[in-house]
Amino acid sequence: MIASKIAGLPWTKIHDRLWTLGYARLGQLLTRAQCEETRALYANREIFRSRIDMARFRFGRGEYQYFAYPLPPLVAELREALYPPLAVIANEWMPALSLKGNFPADLSKFLDHCHARGQKRPTPLLLHYVAGDFNCLHQDLYGDIVFPFQVVFCLSRPEDEFTGGELLLVEQRPRAQSVGHVVNLKQGEAVVITTRYRPAKGTRGYYRTNFRHGVSPIQSGERFTLGIVFHDAV
Ligand SMILES: [Fe+2]
């Protein structure tokens, strides 16, 4: 069901948006019920491998938890279904970024590579913010193997359940000032963002811009987010 919805997304348009912007909206992939079921998992501590208090590490304010394996079925299904079309784009990006790497067509083979290199811990996560919380600009790099895309799902209803808390992307350009992007997501809506770089076309081939992402302070209410990172962590 989710897999067929993902297969039916306008991948040509998503491809073009990733190349030109560094992120692409995927539209509403989860129903309200799926969002509510997924965020309800947050209270279930035994299905997570670790919990991070962001203030403790000065990552921001608020907390998040990384799921343990086996991932909840919906999270596993999203990760498996989103990976293959993104791997095709990732393989186009690597030479344009002057990076080595060839991503296999399916997630299990990619994870075999991660695990063989010591990146064995699962990285999909649930984030929970309340008023005053925020997430500093960062990149989710957890080892040498980096899949160039990750997907963010908003699980709460903006305006009804929270205000503020926009997803922020900052694109640093070489020898130029940075560009800021704001992505407001509705409940169930997803966006694919670059993990680290975007290949930008210059007069002499491609150069890299460097992206960091974060969340602006929540003004009121609470916001849950699901993050799907594809590479595992050391
Ligand atoms: Fe992140």
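**Exercise 1. Find which protein atoms are the donors of the iron ion, and work out how they are spread along the chain.**

Solution. Start at the metal in this predicted model. Three protein donors turn up: NE2 of His138, an OD atom of Asp140 and NE2 of His213, at 2.1 to 2.2 Å from the iron ion.

Next, read their positions along the chain. The spacing comes out as H-x1-D-x72-H. Asp140 and His213 are 73 residues apart, so this pair ties together distant parts of the chain: Asp140 sits in the loop between strand 6 (134-138) and strand 7 (149-154), while His213 belongs to strand 13 (residues 205-215).

Last, check the cover. Asp140 has a relative accessible area of 13%, so it is buried. His213, at 7%, counts as buried too.

**Exercise 2. Work out which residues of helix 3 are buried, and where they sit around the axis.**

Solution. Begin by picking out the buried residues of helix 3 (residues 32-40): Gln34, Cys35, Thr38 and Arg39. They span an arc of only 125° around the axis, so they lie on the same side of helix 3. That pattern makes sense, because an α-helix has 3.6 residues a turn and residues three or four places apart point the same way.

Now flip to the other side of helix 3, where Glu37 and Ala40 are exposed.

Finally, ask what the buried residues pack against. Their partners are helix 1 (2-7), helix 4 (73-96), strand 5 (125-130), strand 7 and strand 14 (218-229).

**Exercise 3. Place Gln65 in the fold and describe its surroundings.**

Solution. Gln65 is part of strand 4 (residues 63-67). Its relative accessibility is 1%, and the cut-off for buried is under 20%, so Gln65 counts as buried.

What does its side chain meet? A polar atom there is 2.9 Å from the backbone oxygen of Tyr42. Setting aside neighbours within four places in sequence, the contacts of Gln65 are Tyr42, Arg45, Phe48, Ser50, Arg51, Pro124, Leu125 and Leu126.

**Exercise 4. Decide how compact the protein chain is for its length.**

Solution. Take stock of the elements: five helices and 14 strands. The radius of gyration is 17 Å, close to the 17 Å from the globule rule for 234 residues, so the protein chain is as compact as a globular protein of that length. Its C-alpha atoms fill a box of roughly 50 × 40 × 35 Å along the principal axes.

Then look at burial and contacts. Of the 234 residues, 51% count as buried. Among contacts with a separation of 6 or more, 78% join residues 24 or more positions apart.

Conventions. Residues numbered from 1 in each chain as written. Predicted model: local features only at pLDDT ≥ 70, side-chain atom pairs only at ≥ 80, totals over all residues. Heavy atoms only, no water. Helix = DSSP H or I, 4+ residues; strand = E, 2+ residues; numbered from the N terminus. Buried < 20%, exposed > 50% of the residue type's maximum accessible area, 1.4 Å probe, protein only. Polar contact = N/O pair within 3.5 Å; in protein donor to acceptor, adjacent residues only side chain to side chain. Contact = heavy atoms within 4.5 Å. Donors = N, O, S within 2.8 Å, 3.2 Å for Na, K, Ca; no water. Arc of directions from axis to C-beta. Rg over C-alpha atoms; globule rule 2.2 N^0.38 Å.
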